[in-house]
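The following report concerns a predicted model. It proceeds from a helix pair to the chain interfaces, and then to the build of one chain.

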4 protein chains.
Amino acid sequence: MTRVTRWAAILILLAPGWPAAAQTVRFEPAAGTPTFAVREPILRVKPGDTVETRTFSRPGDYYDPEVAGPWPGEVGPFHIEGAAPGDTLVVRILKLTPNRDIAISNVTPGGISAVAADSRTRMLNEDLPARRFVWRLDRERMVGILDLPHSASKRIELPLAPMLGRVAVAPAGEEAWGGLWPGNFGGNMDAADVREGTTVYLPVFHEGALFYFGDFHALQGDGEIAGSGLESTADVTFQFDLQKGKRIRWPRFEDATHIMVAGSVRPLGDAVRIAYVELIEWLVADYGFEKMEAYQVVSQAGVLRVANMVDPNYTVVAKFPKRSLPPPR
Amino acid sequence: MTRVTRWAAILILLAPGWPAAAQTVRFEPAAGTPTFAVREPILRVKPGDTVETRTFSRPGDYYDPEVAGPWPGEVGPFHIEGAAPGDTLVVRILKLTPNRDIAISNVTPGGISAVAADSRTRMLNEDLPARRFVWRLDRERMVGILDLPHSASKRIELPLAPMLGRVAVAPAGEEAWGGLWPGNFGGNMDAADVREGTTVYLPVFHEGALFYFGDFHALQGDGEIAGSGLESTADVTFQFDLQKGKRIRWPRFEDATHIMVAGSVRPLGDAVRIAYVELIEWLVADYGFEKMEAYQVVSQAGVLRVANMVDPNYTVVAKFPKRSLPPPR
Amino acid sequence: MTRVTRWAAILILLAPGWPAAAQTVRFEPAAGTPTFAVREPILRVKPGDTVETRTFSRPGDYYDPEVAGPWPGEVGPFHIEGAAPGDTLVVRILKLTPNRDIAISNVTPGGISAVAADSRTRMLNEDLPARRFVWRLDRERMVGILDLPHSASKRIELPLAPMLGRVAVAPAGEEAWGGLWPGNFGGNMDAADVREGTTVYLPVFHEGALFYFGDFHALQGDGEIAGSGLESTADVTFQFDLQKGKRIRWPRFEDATHIMVAGSVRPLGDAVRIAYVELIEWLVADYGFEKMEAYQVVSQAGVLRVANMVDPNYTVVAKFPKRSLPPPR
Amino acid sequence: MTRVTRWAAILILLAPGWPAAAQTVRFEPAAGTPTFAVREPILRVKPGDTVETRTFSRPGDYYDPEVAGPWPGEVGPFHIEGAAPGDTLVVRILKLTPNRDIAISNVTPGGISAVAADSRTRMLNEDLPARRFVWRLDRERMVGILDLPHSASKRIELPLAPMLGRVAVAPAGEEAWGGLWPGNFGGNMDAADVREGTTVYLPVFHEGALFYFGDFHALQGDGEIAGSGLESTADVTFQFDLQKGKRIRWPRFEDATHIMVAGSVRPLGDAVRIAYVELIEWLVADYGFEKMEAYQVVSQAGVLRVANMVDPNYTVVAKFPKRSLPPPR
């Protein structure tokens, strides 16, 4: 089922009754991938299995406190046994904790930005200057601390809110998306709701689903306007499951209080439309609402988060409070 | 200072040491105005004064439980003594409570919508059908209740979150905006953050500032996607103040936890840009941040609310947590 | 019918059989208006009448070759006898010729632009520098000539294409739009198709229609990306007519080869939608097309002009070739 | 140099002095590809070579007059000898003529559209109905004829304007775009300016450039609003050349009268920005203009074509008249 590959050292921690019973697998990533295009699995698990792992980094890469090197890429893909096109992959984020003491945020001239000219919103104005910010992560107090040498207050402290920028399945067909892209396959959504305690639902387009994750942010504001959060690395534990024959069009999340849909497209208003229309159709399909009545109640209790307004597609998360919903059918 | 006009009966409740001391004025609106174009004040108050009033409604208007009649309009303008172009008007919302037991939300074919074709986002598709929703407001439990005859659950209950859709000063120059417009003068922002406990800051374009308010929503989701919230009426208490010589470009809000800027324009992404750039410039001007450092910290701790995505301009509110800020200068 | 006002000296050139017969009126504007808010006519004409006039300018205003002063405003409103809400005003542009030897184009820091940050598309980037361009108009050869001291070629010569940036009726209701706004009332559309030989159709919202014109451009590129064309002054001859009871929603144009609709809104894609959907509905209503068949033929033969991408609303003109149409019904 | 592959039968028509001299090669495509992801060339040519070929179709595919089958895909890639990343590929379209007597245009419910809800601009409205239009192509008179059974005129005739919807090089890196995507690599731009007589310039990202073409439209309106033009097949002759070490960021076109840049992104306004900013930078780099002077002259003489407003990226072509330019440096 699981196997030691040249990619990774795998330790089966708990495997009573193998192969029928769910297992907890320890997976150490040995490399990252810069795209969602890889089709060769680096790990094979079954529905119900738990994987304890971490985001990938190697010395001298982007997280180097001295000089930011290349992006280490996301980890994957994991093959989930039995997943087939038309199913929904269920990913429970059981744990997500930062595992280093710094985080990096870079501003590069002409780099992606929601509030400055970049390569997709071209302007004649001069680019912003380069700037590199190295945050200290106080993991005891769960705060990020940044020196502000040019500002009056000299320092700021912000509470951390760990999240995974990227969770994905392999995109449909032969399309090979770069790692910066979010879409209906998940990807680089940069959604702060993808955090410990959240369950992520992804549409399955290929046999085995082929799950990827990475791009840990110790903290990130709505819209990720400078193009990066507090980029760092983390320990993460996933539990995988499958909803056979359940077809969804866009990623869904669920936490203690809300059900959510993530829509990713440009412009921002169209991402709002995808997220809200999918949420309404979800209320119709799973909670027994008539369409116009679902439209009405979402209009009154819907919550939006602008996840990112910098990536090739923008991502918006639309939410509905679970306490006002009937049980799903 | 204050005077009884043909528009309103005014009762001076507390006036020790008049005219120097701040007063509490009771104001009963006798009419609404459908635009932000009126220049003749219906009430005159001083900085420091408190006004106890209510949103306007008359029998047979929009809030009629049987048949929705015409919109009653917003109330105003109030003249604030000493306000001059280049100042900032300060409006503290001391109280905002629903004062009737129903709220209305209408869907009209071709009417404004974030998720259906309308007159500004024209499509060849057929319009949505008409639908009128009459919510019961349980003011004891502060919940709104809607019967859902066509849905499996038959009923939904949502916690109320009272807000004012419209707070405004008279717009700059001779422009006479219709009541549906938000802009740099405030107006129909439909921002859920304009609620009890919030202080609203508005740029002053005319002598006396000329303040308007109205469009009470007992509840409204982010984006107000069906074009209306739980439209109802409320008792409201404002306290007015002035920041002389303080020039702001867009409305600002402040509550217990956040400072906020409201940007209003189409498309949605440009509303985000206005709100965030103004927020960054606010951190620079009042909190001593260098621009690139302000950009960095807003990118990590900024919060967005999509207030409305249906009005002639869309409104986005960008927020920054006060606990991470130094004291303003 | 026509009268000498304090605003203007009017000479009735041809008036046989007055008042029944159409007249040619000479009108010298004595002032400009900066908004489309004026309701008091400065001229009264009848359907069929021709008005020979000019755009307004006064010494020291924007067209001063030395220092650009204030904008002189547009001319109007003209009252067209018999025009009532629900009618369509017909304006034939019989003549439009530049009447001075220079044109001005200003770039101001932070000023409106399609390709630089401005007050509606806010960015953190630094503003473009100020620059003022004074074009010579060779009216014999109908070319504009600009010295380019900083460029290798030192000079450029462009063929002129005279157009009126603003043709309008008074907007609906009490709304008082500033002169920079285009909309369903026409206004500052900056459409190069509004030129000699074009017939303009405008919806009538007020008795008398209340027609305005101005903002002559000797030449302007698609999108008017720097926020101004070759701004100058012109002699213009209009002939007015009415289509009683013919209701249109957006301005229409017609020239020798095309019928056209001008849609004005942000963002640009929604302006395209208004223009094309209106064009399709025009084919349905007046040319006997079924909707899906109209959609198909417009998809194959429709032509778009991006008129402006800088004004508070963007304007797009959608066109269909007349030679492929049956006669209108 | 060229070789017979299992993909194609190749006939060397003229080859005096081979291999040094330019050749004319006849290439019969034996298959289509649905993506721009193929890296294995199906033809190898040298700079200066001419290729006489045709777009691909097979019986029962999309162009079947009875029932539209699957899309046959585009043809490619061609390997151009000596092309390396950082070069510019030059493609002269010497000939482009329709080679069948029908063209198809399909409207599918929920299918891509500029003026109806689709999968990227989601709406709650019902989808448009399905409709299939079969145009007759009169290649003698070069007109397309469509029966309009539901319209009063019963028939329409439109002059043809043959164009290639897709010309591309292999996209940068490992990204594997589906055939519907346009981008900086060209692709599905659906630009009517890509026609007989036009020279296309494409940035080279891979050794051999890897050129693709296809998606012939006998006619297509601006924006391609129904998602398809008069889709048909054609004979086409290309001549290839290289500009070694000339780096461009976006596709450029040149015809008898204009130089042009094609920008592809959503939303439409950002596509305009890319196209115009690139055009301005082209004037600066190759024609000796100072930036602000280039901005000024493009603002006055720039021409825009909205190529498509339906594909995953929208494409806009910005043009400048050659007769007003100095010779390129």
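At what angle do helix α1 (residues 268–287) of chain C and helix α1 (residues 268–287) of chain D pack, and how many Å apart are their axes? The angle is about 115°, and the axes are 6 Å apart. Here axes are lines fitted to C-alpha atoms, for helices over the stretch in contact, and angles run from 0 to 180 degrees between N-to-C directions. Helices (H or I, at least four residues) and strands (E, at least two) are DSSP runs, numbered from the N terminus. α1(C) and α1(D) are therefore roughly perpendicular to each other; angles under 35 degrees count as roughly parallel, over 145 as roughly antiparallel, 65 to 115 as roughly perpendicular and the rest as oblique.

The meeting residues are Leu268(C), Gly269(C) and Val272(C) in α1(C) and Leu268(D), Gly269(D) and Val272(D) in α1(D). Two residues are in contact if their C-beta atoms, placed from the backbone, lie within 7 Å. The contact of α1(C) with α1(D) has four nonpolar, two polar and no charged residues. In this classification Ala, Val, Leu, Ile, Met, Phe, Trp, Tyr, Cys and Pro count as nonpolar, Asp, Glu, Lys and Arg as charged, and the others, Gly among them, as polar.

As to conventions, residues are numbered from 1 along each chain as its sequence is written, while chains are lettered from A and ligands numbered from 1 in the order in which they are written. Because this is a predicted model, local features need pLDDT of at least 70 and side-chain atom pairs count only at pLDDT 80 or more, whereas totals for chains, interfaces and linings use all residues.

**Relations between chains**

Chain C is superposed on chain A by a rotation of 180° with 0.0 Å of shift along its axis, at an RMSD of 0.0 Å. That is the relation of a two-fold axis. Copies are superposed by least squares on the C-alpha atoms of residues with pLDDT of at least 70 in both. Of the interface residues of chain C, 100% are also interface residues in chain A, so the copies meet through the same surface. Nine residues from chain C and nine residues from chain A make this contact. The side of chain C that touches chain A has seven nonpolar, one polar and one charged residues.

A turn of 180° and a shift of 0.0 Å along the axis likewise lay chain A on chain B, with an RMSD of 0.0 Å. The C-alpha of Leu268(A) is the one in chain A nearest the axis, 3.1 Å from it. Between these chains, 52 residues of chain A are in contact with 52 residues of chain B. On the side of chain A that touches chain B, two or more residues come from each of β7 (102–107), β8 (131–138), β10 (155–159), α1, α2 (291–301) and β19 (303–308) of chain A. α2(A) gives the most to this side, with nine residues.

The table sets out three contact sides by residue class.

| Contact side | Nonpolar | Polar | Charged |
|---|---|---|---|
| Chain C, touching chain A | seven residues | one residue | one residue |
| Chain A, touching chain B | 30 residues | 15 residues | seven residues |
| Domain 1 of chain A, touching domain 2 of chain A | 10 residues | seven residues | four residues |

**The build of chain A**

The secondary structure of chain A comprises two helices and 20 strands. Its radius of gyration is 20 Å, close to the 20 Å that the globule rule gives for 329 residues, so chain A is as compact as a globular protein of that length. The radius of gyration is taken over C-alpha atoms, and the globule rule is 2.2 Å times the number of residues to the power 0.38. Along the principal axes, the C-alpha atoms of chain A fill a box of roughly 55 × 50 × 40 Å.

Chain A is divided into domain 1 (8–102 + 159–243) and domain 2 (252–324); the bounds come from an automatic or database domain assignment. The domain centres, taken over C-alpha atoms, are separated by 23 Å. In the contact, 21 residues of domain 1 meet 19 residues of domain 2. β14(A) gives the most to the domain 1 side, with three residues.

**Local backbone features**

The peptide bond from Gly76(A) to Pro77(A) is cis, with omega near 0°, and Pro77(A) is found in strand β5 (residues 75–80) of chain A. Another cis peptide bond joins Arg266(A) and Pro267(A), with omega about -5°. Pro267(A) is found in the loop between β18 (258–265) and α1 (268–287) of chain A.
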